[in-house]
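Biologist: Please take me through one place where two helices pack, and what lies beside it. I am new to this structure.

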Amino acid sequence: MTISLRRLTDIFLDIVFPPRCVGCGREGGYLCSMCRRSIPLLASPVCVRCGRFVSAQGLCVHCPSEPHAYDGIRSVAKFEGPLRDAIHAFKYEGLSALRGTLGELLAEGWTRFQPPGDVLVPVPLHARRMRERGYNQSLLLARELARHTGIPVLETALVRIRATVPQVGLDIHQRRANVIGAFHVCNDEVRDRAVLLIDDVYTTGATIDACAETLRATGALSIWALTLAYA
């Protein structure tokens, strides 16, 4: 059986630097079984469009008054506790080894919610942010989900053409203004396709909405999004 270079590298690093859980510090893995079980998964009833928790099936109080370019969003869990710690380490501390564990969680969410999509499109980073971080966490998640589901990833169809300030700390109006005109579709791969956008955290939906608007303008049939967490 052939072992990939990536897997060999992970094995070597685990031997030299035994991984510790980002949630509790326990040695043995980057997210231990106890912390993983404590992650508050989202389940029905959720808003049929944005995926927010609701007390009864249907639209939440926000969606009827908020126009969206996307058709729906689903998130796997709440952005708190060990999952928040894991996403922070994955996104800002260079711990790309978490891609497998977080990818499994994303795949479990996909199985639970079954959001439509025949292609996966990761929310892109600007080239400058990509150089700083070294990888796009949404692309790594999309690749892991593709490995579990067999749905192909369009890695270069959607690009971020304008460097935006981080969305953290901005209110909903600032977030929307921040991503206007930030994305561009490079080819016709999304035309007549059902797109499933992949991102790490859904907060207000401004970034996903901006991506969806661009995708829809270039011929995508439908745009749903699946995120690891809902803040």
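Modeller: Here is a close look at one helix pair, then at a pocket that one partner helps to line. The model is predicted, with local features needing pLDDT of at least 70 and side-chain atom pairs 80 or more, while totals for linings use all residues. Numbering starts from 1 along each chain, and side-chain values use heavy atoms, without hydrogens or water.

The pair is α4 (residues 99-113) and α6 (residues 137-149); helices are DSSP runs (H or I, at least four residues), strands E runs of at least two, numbered from the N terminus. Their axes, lines fitted to C-alpha atoms over the stretch in contact, lie 8 Å apart at about 60°. α4 is therefore oblique to α6 (not under 35, over 145 or 65 to 115 degrees). The crossing is right-handed (near helix turned clockwise from the far one by less than a right angle).

Contact means heavy atoms within 4.5 Å. From α4, Arg99, Leu102, Leu106 and Trp110 are among those that meet α6. On the α6 side are Leu140, Leu141, Glu144, Leu145, His148 and Thr149. The contact has seven nonpolar, four polar and three charged residues; Gly counts as polar.

α6 also gives two or more residues to the lining of the largest pocket, as do α3, α5, β5 and α8. α3 gives the most, with five. The pocket holds about 780 Å³. Lys91, Tyr92, Gln167, Val168 and Asp200 are closest to its centre, among 36 lining residues. That lining has 16 nonpolar, 11 polar and nine charged residues.

How values were computed
Axes fitted to C-alpha atoms, helices over the stretch in contact; angles between N-to-C directions. 1 Å grid on protein atoms, 1.4 Å probe; cavity = no way out; pocket = protein on both sides within 12 Å on 5 of 7 lines; lining within 4 Å. Points joined across faces, edges and corners; volume = space filled by probe spheres on them.
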